[in-house]
Amino acid sequence: MGCLSQCAKYFLCFFNFVFFIAGGAALTVGIWLFADRSSFINLISKLDQSEILNKTDADVIRMISYILIVAGALTFIISFLGYCGAMFESRCLLCVYGILIVLVLVLECVVVGLAFGLKGDAERGMQSFLKSTIKYYATTADKAETVTVAWDGIMTQLHCCGAESYRDFSENTNLTGKMVPEACCIKENGVLKDPSCPISPTASNSYYQTGCYKAIVNAIEENAAIVIGVAAALVFIELLVIILALYLACCYWRPQHGRLGVKVSY
């Protein structure tokens, strides 16, 4: 085997070993969350003193566990095939691995195409979804803490208020005596700059005129170069892996047919 083949072999082994470990970790966490959510949440809470998982609805955590299990299992299986195919020089495993990566690449292209084709519907759906959750803000319902924590995080980090503006909170009957929640207000060292902000928001003490949907879109546009760069790098790596896998499959195929030809002629 030549130098190029050796480099391709060890690159595929290293690449797939990393994803094999990552997929196994995701699969383990997903199964742990599904089987014993409380112990996992207690461990995370002790490590980072965070209460966000405790305040997250059980249905949301269950959905996260399903996603981790499916994504982890697929990554685990595909990377296992790629690692074994390269390490043990199996052209069959390498071909299967290459075909699976091609299918993943095609699926990604389909998702991106649908995202651009249905952009208008997606935008309207996102706006409607954001507005529909505001009525659960600060309620005593089971899912209230999840919605409240999520909205507080979005409004605090993106400096916005409501889906389109602070008027969205007029439909919320839980903010007694307040026009906006404290997360809409400007804070200094974790304290409200103006204590009267929740009752009387202004442009100087809050972000009440900036909707979170617009803020999210702006944040995505500002980081568009990073998103495009990561997507391009991912596509490049997938194409490189496909080429190397098929190249190695051809390398492992030729010597065997060569030996077969010698035997037959003999």
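**Tyr208 and its ring partner**

I began with Tyr208, which counts as buried at 14% relative accessibility, and I note at once that what I am reading is a predicted model. Its partner Tyr166 is buried as well, with a relative accessible area of 18%, a value that falls under the 20% limit for that word. I then looked up how the two rings sit: the centres of Tyr166 and Tyr208 are 5.0 Å apart and the planes stand at 55 degrees, so I entered the pair as tilted. The pair links distant parts of the chain, since Tyr166 is in the loop between H6 and E1 and Tyr208 in the loop between E2 and H7, 42 residues apart.

**Other aromatic rings**

My search for ring pairs came to a count of eight. For Phe11 and Phe15 I found centres 6.0 Å apart and planes at 20 degrees, so this pair is stacked. Both residues belong to helix H1, where four residues, about one turn of the helix, separate them. I recorded Phe11 as partly exposed, with a relative accessible area of 31%, whereas Phe15 is buried at 19%. Following the ring pairs further, I saw that they link Phe11, Phe15 and Phe19 into a cluster.

**Disulfides**

Next I turned to the cysteines, and the structure holds three disulfides. Counting the bonded cysteines along the chain, I wrote down the pattern 1-6, 2-3, 4-5.

The disulfide between Cys160 and Cys212 has its sulfur atoms 2.1 Å apart, and with 90 degrees about the S-S bond this link is right-handed. Cys160 lies in the loop between H6 and E1 and Cys212 in helix H7, so the bond ties together parts that are 52 residues apart in sequence. I noted that both Cys160 and Cys212 are buried.

For Cys161 and Cys184 the sulfur atoms are 2.2 Å apart, and the torsion about the S-S bond is about 85 degrees, so I entered this disulfide as right-handed. Cys161 and Cys184 each lie in the loop between H6 and E1, and the pair ties together parts that are 23 residues apart in sequence. Cys161 is buried with a relative accessible area of 0%, and the value for Cys184, also buried, is 0%.

The disulfide of Cys185 and Cys197 again shows 2.1 Å from S to S, but the torsion is about -95 degrees, so the bond is left-handed. Here Cys185 is in the loop between H6 and E1 and Cys197 in the loop between strand E2 (191-192) and H7, 12 residues apart. I found Cys185 buried at 3% relative accessibility and Cys197 buried at 0%.

I also checked Cys95, which is in no disulfide, the nearest cysteine sulfur being that of Cys92 at 7.0 Å. That distance does not meet the 2.5 Å cut-off for a disulfide. Cys95 is partly exposed, with a relative accessible area of 32%.

**Salt bridges**

A search of the whole structure gave me two salt bridges. In one of them the side chains of Glu89 and Lys9 meet, with 3.3 Å from N to O. Glu89 lies in the loop between helix H3 (58-87) and H4, and Lys9 in helix H1 (residues 3-35), so the pair ties together parts that are 80 residues apart in sequence. I noted Glu89 as partly exposed at 36% and Lys9 as buried at 8%.

Lys131 and Glu164 form a salt bridge too, the closest N and O atoms being 3.4 Å apart. This pair links distant parts of the chain, Lys131 in helix H5 and Glu164 in the loop between helix H6 (144-158) and strand E1 (187-188), 33 residues apart. Both partners are partly exposed, Lys131 at 35% relative accessibility and Glu164 at 41%.

**The largest pocket**

Last I looked up the largest pocket, whose volume is about 800 Å³. It is lined by 21 residues, and the closest to its centre are Ala115, Phe116, Lys119, Ile220 and Val227. I traced the lining to helix H4 (91-117), helix H5 (119-134), helix H7 (212-222) and helix H8 (224-265), each of which supplies at least two residues. By kind, I recorded 17 nonpolar residues in the lining, four charged and no polar ones.

Conventions
Residues numbered from 1 in each chain as written. Predicted model: local features only at pLDDT ≥ 70, side-chain atom pairs only at ≥ 80, totals over all residues. Heavy atoms only, no water. 1 Å grid on protein atoms, 1.4 Å probe; cavity = no way out; pocket = protein on both sides within 12 Å on 5 of 7 lines; lining within 4 Å. Points joined across faces, edges and corners; volume = space filled by probe spheres on them. Nonpolar A, V, L, I, M, F, W, Y, C, P; charged D, E, K, R; others polar. Salt bridge = Lys/Arg side-chain N within 4 Å of Asp/Glu carboxyl O. Buried < 20%, exposed > 50% of the residue type's maximum accessible area, 1.4 Å probe, protein only. Phe/Tyr/Trp six-rings, centres within 6.5 Å; stacked < 30°, edge-to-face > 60°.
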